[in-house]
Amino acid sequence: GWSMKKQNLFISGYHFFLALLFIYVGAQVIQGRLGEYPREWLTKLPFTSWVLPGFAILLLGLSHLFVAGICLFQSRSIVARLTLLMGSFLIVSGILSIMVLGETYLATVELILLGSIHLVLGGIILWKAAHSSQSIRI
């Protein structure tokens with residue numbers, strides 16, 4: 001079976017991978033690599049360009065980087081909570097995006113999918129912790 005250390009290393013690696021992905025995408029968005037900002041969004045969102053959404057994506061990447069670091073040194077309980085929290089945030093962000101824009105985009109589906117993966121991983125960690133010698137409190 002997987003030791004707690006291997007599990008934490010895997011989860012940390014997952015968060016680190018997402019951190020790099022979000023930081024790269026955020027930088028691309030800030031630089032305007034997605035093309036022109038959709039005019040139909042001007043009335044639905046408080047942004048007039050890609051810059052602020054790009055910084056939000058960058059911030060999401062930095063938060064995953066922070067979580068990746070924490071996951072290396074913490075108990076299963078904390079790792080599971082952080083993973084579940086990050087997953088919930090991604091899913092809520094995706095759902096809010098659909099509600100505000102009235103449309104579903106590939107990025108929205110990706111956010112919800114990544115958030116769902118977080119929830120599954122967090123759930124597995126909680127289950128393993130509950131069925132091991134390590135006590136867990138939520």
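**A first look at a four-helix chain**

Hi everyone, let's begin at the surface: the accessible surface of this chain comes to about 8500 Å², and carbon and sulfur atoms hold 72% of that. Please keep in mind that what you see is a predicted model.

Now for the overall layout. The chain has 4 helices and 0 strands, so if you follow the sequence along, the pattern reads α-α-α-α. Along its principal axes, the C-alpha trace spans about 55 × 25 × 20 Å.

How are the contacts spread along the sequence? Taking the contacts with a separation of 6 or more, 73% are between residues 24 or more positions apart.

What about the charges? There are 9 positive and 4 negative ones, and their mean positions lie 27 Å apart.

Next, the interior. Of the chain's 138 residues, 34% count as buried, and I'd like to show you one of the buried ones, His15. You can find His15 in helix 1, which covers residues 4-30. Why does His15 count as buried? Because its relative accessible area is 0%, and the cut-off for buried is under 20%.

So which residues surround His15? Leaving aside neighbours within four places in sequence, His15 touches His64, Val67, Ala68, Cys71, Thr83, Met86 and His118. One of those, Thr83, deserves a second glance: its side chain makes a polar contact with the side chain of His15, at 3.1 Å.

If you have the structure open, try starting at His15 in helix 1 and stepping out to Thr83 through that polar contact. Thanks for listening!

Terms used: Residues numbered from 1 in each chain as written. Predicted model: local features only at pLDDT ≥ 70, side-chain atom pairs only at ≥ 80, totals over all residues. Heavy atoms only, no water. Helix = DSSP H or I, 4+ residues; strand = E, 2+ residues; numbered from the N terminus. Buried < 20%, exposed > 50% of the residue type's maximum accessible area, 1.4 Å probe, protein only. Contact = heavy atoms within 4.5 Å. Areas by Shrake-Rupley, 256 points an atom, 1.4 Å probe, with all protein chains shown as cover. Lys, Arg positive; Asp, Glu negative; His and termini not counted. Charge placed at Lys NZ, Arg CZ, Asp CG, Glu CD. Polar contact = N/O pair within 3.5 Å; in protein donor to acceptor, adjacent residues only side chain to side chain.
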